[in-house]
Amino acid sequence: MPNPADLDGFDLEILDILQKDNTVPQRSIGEHVHLSAPAVQRRIKRMQASGVIQANIAVVDPAAVALPITIIVEVHIANERYDLINAIKRSFLDAPEVQQCYQVTGEADFVLVVVVASMSDYEVLTRRLFYDNPNVTKFKSLVTMDRVKIGLSLPLARD
């Protein structure tokens with residue numbers, strides 16, 4: 001991963017545009033940031049190769065694909081042994097219902113963002129990820145009532 005100092009103002013402007021809509025033609029980006037389309041293309045390829053740009057994805061409304069329930073889950077574990085931490089991380093990575101997973105400090109050890117079609121689907125998931133895992137001591141579910149803000153766009157500093 002490059003040092004943030006390796007990204008110049010042009011890179012940050014390009015990233016800002018791509019975060020909002022990664023289908024904007026490179027010619028249009030170039031016009032906006034005052035670079036040629038080939039220069040924009042080289043910068044994008046460099047940022048992809050270095051891991052600054054991690055993915056080009058479509059953000060899908062979960063309700064539109066029959067996944068209307070979003071649940072935030074705090075997970076507490078008993079043992080923080082390296083192999084057990086890695087095992088639980090793998091279980092979260094392997095669960096397609098887990099949209100985001102954070103290992104955190106404080107009372108909980110992990111915070112998950114989960115999407116499911118129904119509460120019975122969530123019950124099945126809790127058995128698989130939590131009840132069947134002897135290292136999970138407890139978990140707390142927070143069922144969301146409304147999606148107020150969703151995003152992956154970062155607030156990029158400008159020179």
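**Exercise 1. A loop residue with an unusual backbone angle**

Is histidine 34 buried or exposed? Work this out on the predicted model above, then look at its backbone.

*Solution.*
Step 1: Find the residue. Histidine 34 sits in the loop that links helix 2 (26-33) and helix 3 (37-49).
Step 2: Check its surface. The relative accessible area of histidine 34 is 69%, and the cut-off for exposed is over 50%, so histidine 34 is exposed.
Step 3: Read off phi. The angle is near 65°, a positive value in a residue that is not glycine.
Step 4: Put that in context. Most residues other than glycine have a negative phi.

**Exercise 2. A second case**

Which loop holds alanine 66, and is this residue buried or exposed?

*Solution.*
Step 1: Alanine 66 belongs to the loop between helix 3 and strand 1.
Step 2: With a relative accessible area of 52%, alanine 66 is exposed.
Step 3: Its phi is positive, about 65°, although alanine 66 is not a glycine.

**Exercise 3. Pairing the strands**

Work out how strands 1 to 4 are joined, and pick out some facing residues along the way.

*Solution.*
Step 1: Start with strand 1 (69-77). Strand 1 pairs with strand 3 (110-116) in the antiparallel sense, over seven bridges.
Step 2: Look for partners across that pair. Isoleucine 72 is opposite valine 113, and valine 73 has leucine 112 as its bridge partner.
Step 3: Turn to strand 4 (136-143). Strand 1 and strand 4 are also antiparallel, with seven bridges, and here valine 75 stands opposite phenylalanine 139.
Step 4: Add strand 2 (residues 98-103), which runs antiparallel to strand 3 and is joined to it by five bridges. In this pair, valine 98 is the bridge partner of valine 114.
Step 5: Inspect the turn. The hairpin of strand 2 and strand 3 has six residues between the strands, and glycine 106 in this hairpin takes a positive phi near 105°.
Step 6: Ask how covered these strands are. Seven of the nine residues of strand 1 are buried, so strand 1 is largely enclosed by the rest of the structure. Strand 3 is mostly covered too, with six of its seven residues buried.

**Exercise 4. Building up the core**

Which residues have the most contacts inside the largest nonpolar core, and which elements supply it?

*Solution.*
Step 1: The core holds 19 residues, and those with the most contacts inside it are Val73, Val75, Phe92, Leu112, Val114, Tyr122 and Phe130.
Step 2: Assign the contributions. Strand 1, helix 4 (82-94), strand 3 and helix 5 (119-131) each give at least two residues to this core. Strand 1 has the largest share, with five residues.
Step 3: Look for a further core. Another one, of 12 residues, lies apart from the largest core and includes Leu7, Leu12, Leu18 and Val40.
Step 4: Zoom in on valine 114. Leaving aside neighbours within four places in sequence, its contacts are Ile69, Thr70, Ile71, Val73, Glu97, Val98, Tyr122 and Leu125.
Step 5: Follow Tyr122 and Leu125 into helix 5, where they are buried together with Thr126, Leu129 and Phe130. The cover over the buried residues of helix 5 includes strand 1, helix 4, strand 2, strand 3 and strand 4.

**Exercise 5. Two pockets**

What is the volume of the largest pocket, and what is the volume of the second largest? Describe both linings.

*Solution.*
Step 1: Take the volumes. The largest pocket contains about 1,600 Å³ of space, while the second largest has about 160 Å³.
Step 2: Describe the lining of the largest pocket. It is formed by 45 residues, and Ile57, Val59, Gly151, Leu152 and Ser153 lie nearest the centre.
Step 3: Sort that lining by type: 27 residues are nonpolar, 12 polar and six charged.
Step 4: Trace the sources. Helix 1 (9-20), strand 1, strand 2 and strand 3 each supply at least two lining residues, and helix 1 gives the most, with five.
Step 5: Repeat for the second largest pocket. Its lining includes Lys89, Phe92, Pro96, Val98 and Phe110. Strand 2 gives the most to this lining, with four residues, and helix 4 supplies at least two.
Step 6: Sort again: seven residues of this lining are nonpolar, two polar and one charged.
Step 7: Link back to Exercise 4. Phe92, which is among the lining residues here, is also one of those with the most contacts in the largest core.

Key
Residues are numbered from 1 along each chain as its sequence is written. This is a predicted model: local features need pLDDT of at least 70, side-chain atom pairs count only at pLDDT 80 or more; totals for chains, interfaces and linings use all residues. Side-chain values use heavy atoms; hydrogens and water are left out. A nonpolar core is a set of buried Ala, Val, Leu, Ile, Met, Phe, Trp, Tyr and Cys residues joined through side-chain atoms within 4.5 Å. Buried means under 20% relative accessible area, exposed over 50%, partly exposed in between (1.4 Å probe, protein chains only). Contact means heavy atoms within 4.5 Å. Two strands pair if DSSP finds at least two bridges between them. On a 1 Å grid over the protein atoms alone, a cavity is a set of points where a 1.4 Å probe fits but cannot get out, and a pocket is an open set with protein on both sides within 12 Å along at least five of seven lines; lining residues have an atom within 4 Å of a point. Grid points are joined across faces, edges and corners, and a volume is the space filled by probe spheres set on the points. Ala, Val, Leu, Ile, Met, Phe, Trp, Tyr, Cys and Pro count as nonpolar, Asp, Glu, Lys and Arg as charged, and the others, Gly among them, as polar.
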